[in-house]
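Please open the structure in your viewer and keep the sequence panel beside it. The tour below suggests what to select at each stop and then says what can be found there.

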Amino acid sequence: MREMLNEIDWKSLIFGAAFCAVIAMFGSSPGLEILAPFASVGLLYIGYKGKNLTYGTILGAIGAIPLFLVAMYGGLGSFTITSTTVVLILISCLIIGALLGFVGALFHKNYIKTKKAKEQREKNKKNKNKKK
């Protein structure tokens, strides 16, 4: 358990979650609606810094909890709070966070794969030049 906690990039988790919540809160203000889609960048960043797809997905869901708290305290607009509403908003936030965390981790995985392929091409190119 301790090893799993040490593998988490806490700085990216805190920064990404805070960025997501704050930008979503500003995006719900009249005149600043254009900012709302950019709140996803925080959750994508959390997933990108995850060690693998599983960590990225789990950390993305955890990073969406501040977004849920902002919604519950009225930062995203007022609505009638019932137990059903709370559960639906919580489930929605967790699913969105997990999905964006997964996509961020997938971006990182593809970046590593592309980086290795580029290094391999450069290595092969150098070997061809040496043979001539």
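**First stop: a residue in helix H5**

Select Ala-71, which counts as buried because its relative accessibility is 5%, under the 20% that marks the limit for a buried residue. Before going further, please bear in mind that this is a predicted model. Ala-71 is found in helix H5, and, if residues up to four places away in sequence are not counted, Ala-71 touches Leu-76, Phe-79 and Ile-89. Now add Ala-21 to the selection: the C-alpha atoms of Ala-71 and Ala-21 are separated by 9.0 Å, although the two residues are 50 residues apart along the chain.

Stay in helix H5 and select Pro-66, which lies there too. Is Pro-66 buried or partly exposed? With a relative accessible area of 26%, Pro-66 is partly exposed. Leaving aside its neighbours within four places in sequence, Pro-66 is in contact with Ala-17 and Ala-21, and the distance from the C-alpha atom of Pro-66 to that of Ala-21 is 5.9 Å, across 45 residues of chain.

**Second stop: helix H2**

Both contacts of Pro-66 lead to helix H2, so select residues 10–27 next. This helix has 18 residues and reaches 25 Å from its first C-alpha to its last, which is close to the 26 Å expected at 1.5 Å a residue. Its buried residues are Ser-12, Leu-13, Gly-16, Ala-17, Cys-20, Ala-21, Ile-23, Ala-24 and Gly-27. Which helices do these buried residues pack against? They pack against helix H3 (40–49), helix H4 (53–63) and helix H5 (65–72).

Zoom in on Ser-12, which is found in helix H2 and counts as buried at 3% relative accessibility. The side chain of Ser-12 reaches the backbone oxygen of Asp-9 at 2.9 Å. Not counting residues up to four places away in sequence, Ser-12 also touches Tyr-45, Ile-46 and Lys-49.

**Third stop: helix H4 and the nonpolar patch**

Move to helix H4, where Tyr-55, Gly-56, Leu-59, Gly-60, Ala-61 and Gly-63 are buried. At the start of this helix, look for Asn-52, whose side-chain oxygen comes to within 3.1 Å of the backbone nitrogen of Thr-54.

Then show the surface and select Ile-58, Ile-62, Ile-65, Leu-69, Tyr-73, Leu-90 and Leu-94, which together make a nonpolar surface patch of about 650 Å². Helix H4, helix H5 and helix H6 (83–131) each supply at least two residues of this patch. One residue of the patch to pick out is Leu-69, whose place is in helix H5 and which counts as partly exposed at 41% relative accessibility.

**Last stop: along helix H6**

Finally, select Ile-112, which lies in helix H6 and is partly exposed, with a relative accessible area of 31%. If you draw a line from the C-alpha atom of Ile-112 to that of Leu-44, the separation is 16 Å, while the two residues are 68 residues apart along the chain.

Asn-127, also in helix H6, is partly exposed with a relative accessible area of 34%. How far apart in space are Asn-127 and Thr-84, C-alpha to C-alpha? They are 64 Å apart in space and 43 residues apart in sequence.

Technical notes
Residues are numbered from 1 along each chain as its sequence is written. This is a predicted model: local features need pLDDT of at least 70, side-chain atom pairs count only at pLDDT 80 or more; totals for chains, interfaces and linings use all residues. Side-chain values use heavy atoms; hydrogens and water are left out. Helices (H or I, at least four residues) and strands (E, at least two) are DSSP runs, numbered from the N terminus. The expected span of a helix is 1.5 Å times one less than its number of residues. Buried means under 20% relative accessible area, exposed over 50%, partly exposed in between (1.4 Å probe, protein chains only). Contact means heavy atoms within 4.5 Å. A polar contact is a pair of N or O atoms within 3.5 Å; within protein, one must be able to donate a hydrogen and the other to accept it, and residues adjacent in sequence count only if both atoms are side-chain atoms. Patches are made of residues with over 30% relative accessible area and no salt bridge: like charges are joined within 9 Å, nonpolar side chains (Val, Leu, Ile, Met, Phe, Trp, Tyr) within 5 Å. Accessible areas come from the Shrake-Rupley method with a 1.4 Å probe; for residues, only the protein chains shown count as cover. A salt bridge is a side-chain nitrogen of Lys or Arg within 4 Å of a carboxyl oxygen of Asp or Glu.
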